[in-house]
Amino acid sequence: MTFEEFIKTSNTLAPMANLPAARHIYENIICRPDVVGWMAIASELKMPALAVCAGEIEQYCDSHPGCGVDLRSDLTRKSIGRMVRAALEPVGYLPAGKKNMPKELGFRYFCGVAKRYEKQASAQFTVKVSLEPAQNQVR
């Protein structure tokens with residue numbers, strides 16, 4: 001789903017429509033194939049999927065002050081949760097309850113509960129984990 005299609009899924013997402021930082025978080029963090037794969041793995045381990053990328057989202061927003069994405073806002077955090085759902089639905093994962101975010105990961109803004117997901121639907125895409133030759137081999 002494109003960012004534009006995602007924004008149209010709910011009127012509450014309208015404030016994010018014109019924020020380049022929101023688009024970046026959706027396209028370059030949450031919907032990145034490796035992140036989707038790790039979110040699926042986290043889901044299989046009964047962990048909140050958001051735990052996979054919350055730190056990267058916090059780092060991005062911290063390094064771009066004034067970007068318009070206010071992680072202190074409940075609405076913003078809920079919108080990011082909707083982004084996670086939009087990324088996991090094409091691989092067949094749907095919400096299956098809530099779970100506390102891992103405190104040991106030290107998130108500043110994503111420190112409450114988040115949805116966890118289970119494989120429940122037919123998928124448009126398959127998650128694959130692969131090993132590839134290392135680029136920088138140490139001898």
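## Close-up views of a predicted model

**View 1. The second largest pocket and the residues around its centre.** The second largest pocket is lined by 21 residues, and those that lie nearest its centre are R32, P33, D34, V36 and G37. In this model, which is a predicted one, the volume of the second largest pocket is about 500 Å³. Two elements, α3 (33-44) and α5, each give two or more residues to the lining of this second largest pocket. The element that gives the most is α3, with 6 residues. Sorted by class, the lining of the second largest pocket divides into 14 nonpolar, 4 polar and 3 charged residues.

**View 2. The largest pocket and its lining.** The largest pocket holds about 700 Å³ of space. Its lining is made up of 26 residues, and R77, K78, G81, R82 and K115 are the closest of these to the centre of the pocket. The elements that give two or more residues to this lining are α5 and β2 (113-119). Helix α5 gives the most to the lining of the largest pocket, with 10 residues. When the lining of the largest pocket is divided by class, there are 13 nonpolar, 5 polar and 8 charged residues.

**View 3. Helix α5 and what covers its buried residues.** Helix α5 has 15 residues, and from its first C-alpha to its last it reaches 21 Å, which is close to the 21 Å expected at 1.5 Å a residue. The residues of α5 that are buried are T76, S79, I80, M83, V84, A86, A87 and L88. What covers these buried residues includes the helices α1, α2, α3 and α4 (54-63), together with the strands β1 (93-100) and β2.

**View 4. A87 and the residues that it touches.** A87 lies in helix α5, which runs over residues 74-88. The relative accessible area of A87 is 8%, and because this is under the 20% cut-off, A87 counts as buried. When residues up to four places away in sequence are not counted, A87 touches I30, C31, V36 and M39. For one of these contacts, the positions along the chain can be set beside the positions in space: A87 and I30 are 57 residues apart along the chain, while their C-alpha atoms are separated by 6.8 Å.

**View 5. The aromatic cluster of F3, F6 and Y26.** The structure holds 2 aromatic pairs. In one of them, F3 and Y26 form a tilted pair, with 5.9 Å from centre to centre and 55° between the planes. F3 lies in helix α1 (residues 3-7) and Y26 lies in helix α2 (residues 20-30), so this pair ties together parts that are 23 residues apart in sequence. F3 counts as buried, at 1% relative accessibility, and Y26 also counts as buried, at 2% relative accessibility. F6 and Y26 form an aromatic pair that is stacked, with 5.0 Å from centre to centre and 15° between the planes. Because F6 lies in helix α1 and Y26 in helix α2, the pair ties together parts that are 20 residues apart in sequence. F6 and Y26 are both buried, and F3, F6 and Y26 form one aromatic cluster.

**View 6. R116 in strand β2 and its surroundings.** R116 is found in strand β2. With 17% relative accessibility, R116 counts as buried, because buried means a relative accessible area under 20%. Not counting residues up to four places away in sequence, R116 touches K46, M47 and P48, and R116 also touches L94, P95, A96, G97, K98 and K99.

**View 7. D62 in helix α4 and its two contacts.** D62 is found in helix α4. The relative accessible area of D62 is 44%, and D62 is therefore partly exposed, because partly exposed covers the range in between the cut-offs of 20% and 50%. Leaving aside neighbours within four places in sequence, D62 is in contact with R108 and Y109.

Technical notes
Residues numbered from 1 in each chain as written. Predicted model: local features only at pLDDT ≥ 70, side-chain atom pairs only at ≥ 80, totals over all residues. Heavy atoms only, no water. Phe/Tyr/Trp six-rings, centres within 6.5 Å; stacked < 30°, edge-to-face > 60°. Helix = DSSP H or I, 4+ residues; strand = E, 2+ residues; numbered from the N terminus. Buried < 20%, exposed > 50% of the residue type's maximum accessible area, 1.4 Å probe, protein only. Contact = heavy atoms within 4.5 Å. 1 Å grid on protein atoms, 1.4 Å probe; cavity = no way out; pocket = protein on both sides within 12 Å on 5 of 7 lines; lining within 4 Å. Points joined across faces, edges and corners; volume = space filled by probe spheres on them. Nonpolar A, V, L, I, M, F, W, Y, C, P; charged D, E, K, R; others polar. Expected span 1.5 Å × (residues − 1).
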